[in-house]
Amino acid sequence: MTKHSLLAGAALAIFSFSGMAQAAPLGAAMGSAASTAVQSPVAAMPYDARRGVFTFAAGLEESLPAVVQVTTLGQSRGPSSANNPKPSQGGSGVIIDAREGIIVTNHHVIENGQKFTVDLIDGRLFDATLIGADKATDIAVLKIDATGLSQVTTVDSDTLRSGDLAFAVGYPLGLDQTLTMGVISGLNRSGMGDAIEDYIQTDAAVNSGNSGGPLLDSRGRLIGINTAILSGGFGGGNDGIAFAVPTRIMMFVVDQLRATGEVKRGRVGLGLGSLTAERAREVGLNIVRGAVVYDVEPGSAGEKAGLKAGDVLTRIQDRPVANAGSVQATVGIARAGTQMPVVYLRDGREASTRLTIEPSDPAPVRVGAQAAMARGLTVRNPASGRGAQIAVVEAGSSAAAAGFQAGDVVVQANGAEIADMRDLAQRLQAAGEAVVPVIVLRDNERVEIDLPA
């Protein structure tokens, strides 16, 4: 298509905006249309009148010096490896705090590293210190001691919309700093394999080496950290589907890593699965977006909120729930004590409740309305008689190793008769870390087993 056909039927008005001339279409009513264009400059394509080109360079150039190359060095198999670690992997990173020399990259870029170096666009090379890393979100924080650094401006990724322009910057395939452009092609993506997922999807070209680099908006502001690509071809090439950790999650993780070197995230005690078309048909729903509750821990925030197995979560903290990853991403970056409104479906009817986020480390003994959990055992009151019946033995737990089995009924602990599940929980709580001798009924026989802490 020719330049003339692109402009057919529209004149161009040039005006100044953010240090760059802009172009805006004018309609037949020149006065009112021109006034509207001047009052709404964001609707115009950035235009450099001096060079006569459309460009986003002015907004992006200030951020490019903040994009760095990260090299991870690990021990090789040679005899000198202990004193001379060799490059094992590399990627990109972005400076978010110039004064402190703070750099954000991916966990998988620095994983298993012995030493880290950072190359700046001006040719300087620095050794970096690892402040902390979080595998669940694939975020890591490095620090360098340097002056004259640049940093990016970070914006809230919740303001993004599909169709927004996006720019990926990094050091792909052994090349020098590279900038690619695309659009935000999707939001709230999950299913990539990490524990906390709520990715930005973009079609900006991202390849090996881009990991840890920034995803920028059209004004050069940080909106995400490039993390993964979806490739259907051999060799892992770019197929136009890339994913970035949004700044909403990134900043929660970075702030905690900078403060304590580790991440403490919330939990609500719900076992969740994504609502599929097959599952929706089974329960008679005409939606395929949501998170299905398949288990509720006794005494957990989920149980206290009244949620039950089979409920389908559709909104949490005023955010739509696309799948189980949506809930994990929201809960996983919430601090203990935070209250979250939840909308869910039960038997096809909509209801609402509030979840209070719990600390990431659950109490060793938890008692709910229908069950109690302690030391790898989930127990309930038996259908008849006294005692506490074991419903679940956690795989790999010390209780499983000791020989406890589902169906056993605990009738005695520490020499005392057990009345019910709550009684057992209280006695295990009082025992602390001590081994507790237990007697269970199994096939009408009394079996003595020591229950480790």
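D48 is part of strand 3 (residues 45–48), where strands (E, at least two residues) and helices (H or I, at least four) are DSSP runs numbered from the N terminus. The model is a predicted one, in which local features need pLDDT of at least 70, side-chain atom pairs count only at pLDDT 80 or more, and totals for chains, interfaces and linings use all residues. Residues are numbered from 1 along each chain as its sequence is written, and side-chain values use heavy atoms, with hydrogens and water left out.

With a relative accessibility of 17%, D48 counts as buried; the term buried means under 20% relative accessible area, exposed means over 50%, and partly exposed lies in between (1.4 Å probe, protein chains only). The side chain of D48 makes a polar contact with the side chain of R51 at 2.9 Å. A polar atom of the D48 side chain also lies 3.1 Å from the backbone nitrogen of R50. A polar contact here is a pair of N or O atoms within 3.5 Å; within protein, one must be able to donate a hydrogen and the other to accept it, and residues adjacent in sequence count only if both atoms are side-chain atoms.

Charged pairs are the next topic. The structure holds 18 salt bridges, each defined as a side-chain nitrogen of Lys or Arg within 4 Å of a carboxyl oxygen of Asp or Glu. One of them joins E100 to K143, with the closest N and O atoms 3.6 Å apart. E100 lies in the loop between strand 6 (86–97) and strand 7 (102–105), and K143 in strand 10 (residues 139–143), so this pair ties together parts that are 43 residues apart in sequence. E100 is partly exposed, at 28% relative accessibility, and K143 is partly exposed at 25%.

Another salt bridge links D198 and R248, whose closest N and O atoms are 2.5 Å apart. D198 sits in the loop between strand 12 (178–189) and strand 13 (199–202), whereas R248 belongs to helix 5, so the pair connects parts that are 50 residues apart in sequence. D198 is buried at 6% relative accessible area, and R248 is buried at 16%. D198 and R248 also belong to a network of salt bridges with D158 and R319.

Helix 5 (residues 247–260) also supplies the largest share, six residues, of the largest nonpolar core. This core has 49 residues, and those with the most contacts inside it are V118 and I144. A nonpolar core is a set of buried Ala, Val, Leu, Ile, Met, Phe, Trp, Tyr and Cys residues joined through side-chain atoms within 4.5 Å. Leaving aside residues up to four places away in sequence, I144 touches residues including E100, V118, L120 and F126, contact meaning heavy atoms within 4.5 Å. E100 is thus named both as a neighbour of I144 and as the salt-bridge partner of K143.

A third salt bridge to consider is that of R346 with D311, where the closest N and O atoms are 2.7 Å apart. R346 lies in strand 21 (residues 339–346) and D311 in the loop between helix 7 (301–304) and strand 19 (312–316), 35 residues apart. R346 is partly exposed, at 26%, while D311 is buried, at 2%.
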